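Let's take a friendly walk through this model together, stopping at a handful of places worth a second look. Please have the viewer open beside you.

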Amino acid sequence: MKKRLQNLRENMEKENLDAILIYNFEGSNRATTWYLSGFSGSFAVLFITFDKEYVITDSRYFTQVQEQSTFKLIPHTGGKEQLKKTLLELVKTNEVSRLGYESERITHNQFQEYIETLDTEKIEIDETIKNMRSVKTDEEIEKIKKAVKVAEEALESSLEYIKQGNTENEIAARINYEIYKRGGKPSFETIVVSGKRSALVNGMPSKKKIENGEFVLIDYGAMVDGYCSDITRTFLVGEATTKMEKVYKIVQTAQKKARKAAKAGLSGVELHNVAKKIIEDEGFGEYFGHGLGHGLGMEVHENPGVSPRNEDPLPENAVITIEPGIYIPNEFGVRIEDDVVIKEGYCE
């Protein structure tokens, strides 16, 4: 935590900021407040200067803050007016002339209520926080590996349920149960789609029963110790058609080649295009419509992106997903997804 605050303050100095305000209302920005303070509660307002760290929260979390964080607790016992007054006093007492805040993590109403009224210059720092969180420490990488392990073991223990006659809902419920049993929780709503429904990129499980000759696409993950995994596997129940085999092999090849190409310094779009070209050359380019992957950490989707929208180089020790797919409407879909750590010259 000390290194994160040191890094944050170095960025504050570069941007000539006197303080940073991080707002998390009922889980709206839990990842950033947890990342910077160690406090994982659903309501927290952080106020950080060059020599002080404060956390504002309510009575639900007074004890928890003291257990999890070194930040000085400012008890919040009233409503909006009290919070506004507290923030005004912090800005005044600490002589803040330039205040950084995350504009993407608050609503327009919250900005008007708590930030716009502050007598200071307001500076958006979203990219600063995103870039900090995109490069993982060894400790963070180990936590993500643990989340991957829990997810993999949960799926392995659920394989016997992926069979004809069971519903998508039943398979999803079993996977979730196995994740909970191992001390984690689903990092997002588990996706289980089969047959024609496997062409739904982010389809939700349904009452549909699995039938022979179908793909079953499962996209799921575990959160353990605050960090997430995100994995996709496509299973075959029964026998595949020639087209199904062909498409699966194309996706598998695209995924393997992208994994082999992934390394620090390669841009997000360059890595995306490795898989895209393989799928296009096989004549299925129109059926691969999403980015190849995304960053992974305390949230399932973080920086850096692995898509046409990201022309920046991937930094060393970023954790990303690599998940090419082909989705043919009214037929079937295939996706294979792994989580990797970006290194100099390779990924692991």
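Is N317 buried or exposed? With a relative accessibility of 16%, N317 counts as buried, since buried means under 20% relative accessible area, exposed over 50% and partly exposed in between, using a 1.4 Å probe and protein chains only. This is a predicted model, in which local features need pLDDT of at least 70 and side-chain atom pairs count only at pLDDT 80 or more, while totals for chains, interfaces and linings use all residues. Residues are numbered from 1 along each chain as its sequence is written, and side-chain values use heavy atoms, with hydrogens and water left out.

Let's stay with the backbone for a moment. N317 sits in the loop between strand 14 and strand 15; helices (H or I, at least four residues) and strands (E, at least two) are DSSP runs numbered from the N terminus. Although N317 is not a glycine, its phi is positive, at about 75°. E26 is another non-glycine residue with a positive phi, here about 50°. You will find E26 in the loop between strand 1 and helix 2 (30-37), and at 42% relative accessibility E26 counts as partly exposed. A further backbone feature is the cis peptide bond from N303 to P304, with omega near 0°; P304 belongs to strand 14 (residues 302-306). For context, most residues other than glycine have a negative phi, and most peptide bonds are trans.

Next, turn to E323, in the loop between strand 15 (319-322) and strand 16 (325-328). E323 counts as buried because its relative accessibility is 8%. Its side chain makes a polar contact with the side chain of T321 at 2.9 Å and another with the side chain of H294 at 3.1 Å. A polar contact here is a pair of N or O atoms within 3.5 Å; within protein, one must be able to donate a hydrogen and the other to accept it, and residues adjacent in sequence count only if both atoms are side-chain atoms. Setting aside neighbours within four places in sequence, E323 is in contact (heavy atoms within 4.5 Å) with D230, H290, L292, G293, H294, R335, I336 and E337.

T190 is another loop residue to visit, between strand 7 (185-186) and strand 8 (191-194). T190 counts as buried because its relative accessibility is 3%. The side chain of T190 makes a polar contact of 2.6 Å with the side chain of N176. N176 also appears among the residues that T190 touches, together with A172, P205, D219 and Y220, when residues up to four places away in sequence are not counted. Y177 lies in helix 8 (residues 168-181) and is partly exposed, with a relative accessible area of 43%. From C-alpha to C-alpha, Y177 and I328 are 31 Å apart in space, with their positions 151 residues apart in sequence.

Now for the aromatic rings. The whole structure holds 8 aromatic pairs. One of them joins Y23 and F25 in a stacked arrangement, 6.5 Å centre to centre with 15° between the planes. Rings of Phe, Tyr and Trp (its six-membered ring) pair if their centres lie within 6.5 Å, and planes under 30 degrees apart count as stacked, over 60 as edge-to-face and the rest as tilted. Y23 is buried, with a relative accessible area of 7%, whereas F25 counts as partly exposed at 41%. Y23 and F25 join F43 and Y114 in one aromatic cluster.

Y23 also helps to line the largest cavity, along with L21, I22, N29, Y101, E102, R105, I106 and I115. On a 1 Å grid over the protein atoms alone, a cavity is a set of points where a 1.4 Å probe fits but cannot get out, and lining residues have an atom within 4 Å of a point. The search finds 1 cavity of 30 Å³ or more, and the largest cavity holds about 30 Å³ of space. Strand 1 (residues 19-24) gives the most to this lining, with 3 residues.

Finally, look at D126 in helix 6 (residues 126-134). D126 is buried, with a relative accessible area of 6%. Leaving aside neighbours within four places in sequence, D126 is in contact with Y101, E102, S103, E104 and R105.

Key:
1 Å grid on protein atoms, 1.4 Å probe; cavity = no way out; pocket = protein on both sides within 12 Å on 5 of 7 lines; lining within 4 Å. Points joined across faces, edges and corners; volume = space filled by probe spheres on them.
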